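Biologist: I am new to this one. Walk me through it, and tell me how each label is earned.

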Amino acid sequence: MSGKTLLPASGYARRSTDMQERSIPDQKAHVERWAAEHGYRVLRWYVDDAISGTSTKGRDAFERMIRDAENGRDFEAVLCYDISRFSRGGTNETGYYLHRLNLAGVKTVFTAEGIPEGDEGELLQGVKSWQARQFSVKLARDVIRGQLSSLKQRRCAQGGRAPYGYDRRYLAADGTVLRTIRYLPDGRKREFDAQGRHVRFIAREERPGKTKSDVVRLVPGDPEHVEIVREMFERCIEGYGYWSIASDLNKRGVPGPKGNPWSETMVKMILRNPVYRGALVWNRKTVGKISGFDGEGRLRPKNGRMTKANDRKDWIVIEDAHDPLVDGKTFERAQRVMEGRRTKGGLARPTNRYLLSGLMRCVKCGHTYWGCTSTHHYTRKKTRFYKDGGYQTHGRAVCLHTMIDADALDAWVLRRLRVVILGDAATVEQAVAAFVRAAASGRDDGEDRARAEKELAAVNKRVKATVGLLGNAELGGMAELEQALVELQRQRKELEERLAGTEAPAKPAPSEAELRSWAREKLEELGAAVAGRMPPMELRRVVNCYVERIEVDPVAKKGALYLPADALACLEADAIRRVNNASQKN
């Protein structure tokens, strides 16, 4: 062939996985040999290494080859080992790209196929394209079946990066520990031997590898990461949201799983993942290019190429597969808090950024007021406001544009709370003395029916308030609140029996010293709230306990603060409950 002009060509090679070590060199060698025998000269190679051929998405070299062919090409043909290396996308996709090359004047040759010219070759090419696609479909089905079997029968963790806080431990079929792999924030992996001694660092692009007989278990990893995970769940139960948790971690300089800053999504993924209660969870998302499956393991074709989140009913969950980082009770409490936060609006926020969000409501449109921040154009000073949610969402067609200074309103509400609790007393000590007298006056065995009815009304209100707190995303599930409700129900039963003429056995009343100590603590707590010395979470708890709602009239430019009708009785019931609980524990 040396006397003939060689036609310029480009070569295309692809392998699906990096386990096919000699696939690319073998393809190139075969194509180069064929080109020399048939009058072609390979100018350059386009290579996609370790990339599936079921779609052109992500095949950068393939897409670049098509663009080069259509824009000022310097080659007359594309030489490829066989049609499965070119594409496994089926007859439609394969035919589309062959047609684009043909329109650009570029011939496509599959050197190992021997496809003839003409109609016969076109038919044979379509059949081979279909066969290449069906090979991928069958392979995907077999892979899914094998993964399900490994997950369910051997309780083996599937491939990929270990969840934050865990390492991947490789075990032999007989349970012998082979090694442990820890994923590092910079992408590298650290390998430990069976005794936990450092062996080596594995490069980002290198895979640890495993044999089919190996079983992979998740085990607690870096102790610092384990503590971060546990702290996240604790903060979530306390009422802190995703943003607050992520912001605090970033402020402290704690790196994320891949060394980048924490985000709301990253925190949410950890708090929602059952892996942290010791369960293996698979099929939360369909990532396969061809097939997915449901919760029973039945295959179903995947529509579209994008990763798709699956319904919870389609998750494959294997309980007690490895050591948990948080116990099941803690995990479930965190899930309840997160679910409850959806319906609480501003009341679910853990900070005092918008102290009264969720408590303020417009009498004109019925919407709640939102917390917002305004920045002065020149001074860049930030001012906090409460803005009408109806106007913010729908404009003037629904309500007026009303903004209330948040700092001023927060301070006023806290001062009013303290005034109501103090009553006519000039000092805290006078208020404490009045409270103790009021509480002690209820100790007479000969109290009349009116007194019993008043006590019952106060207890009923307290029951209602406690039930409301149990539904609060910040406080729901607290053992103290649940115990409080049980005690209040007991008190209510005693009072109802007393009114019905069936006197319940008398209980020892708290001493005057105990009442005085608790009352002083409560009033000092309110004083700390007014003075701004209370932590944000505690401040919100105080406000939500004693403020029922705030109604704002945007037309009259007036508002009304609604507090419990019998705040002192509520305090008294709470004091008696706490003292009794303390004596029972002792």
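**Labels and their reasons**

Modeller: Start near the end of the sequence. This is a predicted model. Strands β20 and β21 form a hairpin, with four residues between them. Lysine 557 sits in the turn and has a positive phi of about 55°.

Biologist: How do you know that β20 and β21 pair?

Modeller: Pairing takes at least two bridges. Strand β20, residues 549-553, and strand β21, residues 558-562, share five bridges, so they count as paired. The sense is antiparallel. Valine 552 stands opposite glycine 559 in β21.

Biologist: What makes β17 and β19 edge strands?

Modeller: Look at the order first. Three strands form an open sheet, β17-β18-β19, with antiparallel pairing. β17 (369-375) and β19 (403-405) each have a single partner strand, so one side of each is left without a neighbour in the sheet. From one strand to the next, the twist averages 40°.

Biologist: How do you know that β18 and β19 are joined?

Modeller: The cut-off is again at least two bridges. Strand β18, residues 382-388, has three bridges to β19, so the two pair. They run antiparallel. Phenylalanine 385 is opposite aspartate 405 in β19.

Biologist: What holds such strands together in general?

Modeller: Strands of a sheet pair through backbone hydrogen bonds.

Biologist: Now the cysteines. Why is cysteine 362 in no disulfide?

Modeller: A disulfide needs two cysteine sulfur atoms within 2.5 Å. By this rule the protein has zero disulfides. For cysteine 362, the nearest cysteine sulfur belongs to cysteine 399 and is 3.6 Å away, so the pair fails the cut-off.

Biologist: Why are cysteine 362 and cysteine 80 called buried?

Modeller: Buried means under 20% relative accessible area. Cysteine 362 has 2%, so the label fits. Cysteine 80 has 0%, so the label fits there too.

Biologist: Why is asparagine 260 called partly exposed?

Modeller: Partly exposed lies between the 20% and 50% cut-offs. Asparagine 260 has a relative accessible area of 34%, so it falls in that range. The residue is in the loop between α7 (242-251) and α8 (264-272).

Biologist: What does asparagine 260 touch?

Modeller: Pro255 and Met266, not counting residues up to four places away in sequence. As for asparagine 250, it is 10 residues apart from asparagine 260 along the chain, and their C-alpha atoms are separated by 9.5 Å.

Biologist: Which residues of the largest nonpolar core touch the most other members?

Modeller: Met232, Phe233, Trp262, Leu271 and Tyr276, out of 44 residues. Helix α6, residues 223-238, gives the most to this core, with seven residues.

Biologist: What makes up the surroundings of leucine 271?

Modeller: Leave aside its neighbours within four places in sequence. Its contacts then are Met232, Phe233, Cys236, Tyr242, Ile245, Phe331, Gln335 and Met338. There is also a second, separate core of 20 residues, and its members include Leu359, Tyr386, Leu417 and Ile550.

Biologist: Step back. How many helices and strands does the protein have?

Modeller: It has 17 helices and 21 strands. Of its 586 residues, 43% count as buried. The protein exposes about 31,700 Å², with carbon and sulfur atoms supplying 51% of that.

Biologist: And what share of the contacts joins residues at least 24 apart?

Modeller: The share is 64%, among contacts between residues at least 6 apart in sequence.

Definitions and conventions:
Residues numbered from 1 in each chain as written. Predicted model: local features only at pLDDT ≥ 70, side-chain atom pairs only at ≥ 80, totals over all residues. Heavy atoms only, no water. Buried < 20%, exposed > 50% of the residue type's maximum accessible area, 1.4 Å probe, protein only. Axes fitted to C-alpha atoms, helices over the stretch in contact; angles between N-to-C directions. Contact = heavy atoms within 4.5 Å. Areas by Shrake-Rupley, 256 points an atom, 1.4 Å probe, with all protein chains shown as cover. Core = buried A, V, L, I, M, F, W, Y, C linked by side-chain atoms within 4.5 Å.
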